[in-house]
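The exercises below concern the structure shown here. Try each task before reading its solution.

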Amino acid sequence: MATASVRVFDCTPDDVFAVLGDGWLYPVWVVGAARMRDVDPEWPAEGAHLHHSLGAWPILLNDDTQIVEWSPPHRLKLRAKAGPLGRAVVVIEVKPRGAGCVVRIGEEPVSGLAARLPRLAWAPLLHLRNEEAIRRLAFLSEGRRREREAGVDTARTAVPDPASSSAPRSGPDPQAEADVAEATDAAAAAAGER
C-alpha cells in the first residue's frame with residue numbers, strides 16, 4: 001500500500017470489526033464521507049456496497065464503497081470510489097496485542113487523478129486523512145469496548161428517556177439557554193415581518 005497509518009487500540013479486534021461491520025458508521029470514521037445514503041442489506045458480506053456521499057454541502061458526490069474481503073478479526077479490503085477523483089483500495093489489518101490490538105490502514109489509488117500524479121503530490125494528504133480516520137476508528141472501537149464491558153447495549157433499541165436516567169443532570173448552561181432564546185426571538189420577529 002502506498003500510504004499506511006498504524007495505531008494501537010485499547011480494545012479487542014472484535015470491537016474493531018463490530019464497528020467496521022456497521023456500514024451506517026462509515027461517515028463517522030472515514031474522513032471525506034459526508035453522509036450515508038444506503039447500506040446493502042448483506043453488508044459486510046463480500047461484494048456488498050455502502051452508498052455514501054463525499055465532500056461538503058453543497059458540493060457532494062454520490063459514490064459507493066464495495067467490500068472485497070471480509071476476514072474478521074484480521075483483515076478488511078475495500079474498493080472505494082471517489083467520482084472523478086478515481087478509485088482506491090483500502091486495506092485494514094488488525095492484530096491482537098496484549099489486551100488491545102494494532103490497527104493498520106493502508107490505501108492505494110488505482111485510478112483517476114491521484115493514480116496519475118506523482119506519489120509526492122498526493123501521499124502526504126492521503127496519509128493525514130488516514131491518520132484522522134484511524135483516530136476516529138479508535139474512538140468508536142474503544143467506546144464499544146467500554147460499553148461492552150459495562151454490560152451496556154452498543155446499539156440503541158429505543159429512544160432514550162433522560163428522565164429515567166439516574167445520572168445527575170445540570171441542564172443546559174446559561175449561555176446555551178440565552179442563545180436559544182435569542183434565536184427563537186429573532187425567528188419570531190422575522191416571521192412577524194412577513
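**Exercise 1: Cysteines**

The sulfur of Cys11 is 4.3 Å from the closest cysteine sulfur, that of Cys101, which is too far for a bond. How many disulfides does a search of the whole structure find?

Solution. Start with the general point: a disulfide covalently joins the sulfur atoms of two cysteines. The criterion used here is a pair of cysteine sulfur atoms within 2.5 Å. Cys101 is in no disulfide, its nearest cysteine sulfur being that of Cys11. The search of the whole structure finds 0 disulfides. As for surroundings, Cys11 is buried at 0% relative accessibility, and Cys101 is buried at 0% as well. (Buried means under 20% relative accessible area, exposed over 50% and partly exposed in between, with a 1.4 Å probe and protein chains only.)

**Basis of the model**

This is a predicted model, in which local features need pLDDT of at least 70 and side-chain atom pairs count only at pLDDT 80 or more, while totals for chains, interfaces and linings use all residues. Residues are numbered from 1 along each chain as its sequence is written, and side-chain values use heavy atoms, with hydrogens and water left out.

**Exercise 2: Confidence**

Find which element has the lowest mean pLDDT and which the highest.

Solution. pLDDT is the predictor's confidence in each residue, from 0 to 100. The chain average is 86, and 88% of the residues score at least 70. Among the elements, helix H5 (residues 174-193) has the lowest mean, 75, and helix H2 (residues 26-29) the highest, 96. Helices (H or I, at least four residues) and strands (E, at least two) are DSSP runs, numbered from the N terminus.

**Exercise 3: The sheet**

Work out in what order the 7 strands are arranged, and which strands are at the edges.

Solution. Two strands pair if DSSP finds at least two bridges between them. The 7 strands form an open, antiparallel sheet in the order S1-S7-S6-S5-S4-S3-S2. Strand S1 (3-9) and strand S2 (33-39) are the edges, each pairing on one side only. Within the sheet, 8 bridges join strand S3 (residues 49-56) to S4; one example is Leu50, whose bridge partner in S4 is Thr65.

Next, place the helices. H1 lies across S1, S4, S5, S6 and strand S7 (100-109), at about 150° to S6. H4 lies across S1 and S7, at about 20° to S1. Contact means heavy atoms within 4.5 Å; axes are lines fitted to C-alpha atoms, for helices over the stretch in contact, and angles run from 0 to 180 degrees between N-to-C directions.

**Exercise 4: Salt bridges**

With which residue does Asp15 form a salt bridge, and which residues form a network?

Solution. A salt bridge is a side-chain nitrogen of Lys or Arg within 4 Å of a carboxyl oxygen of Asp or Glu. The structure holds 12 of them.

1. Asp15 pairs with Arg148, the closest N and O atoms being 2.7 Å apart. Asp15 is in helix H1 (residues 13-20) and Arg148 in helix H4 (residues 119-149), 133 residues apart in the chain. Asp15 is buried at 3%, whereas Arg148 is partly exposed at 41%.
2. Asp64 forms a salt bridge with Arg79, at 3.8 Å between the closest N and O atoms. Asp64 is buried at 11%, and Arg79 is partly exposed at 22%.
3. Glu93 and Arg75 meet in a salt bridge of 3.8 Å, N to O. Glu93, at 24%, is partly exposed.
4. The network links Glu69, Arg75, Lys77, Glu93 and Arg104.
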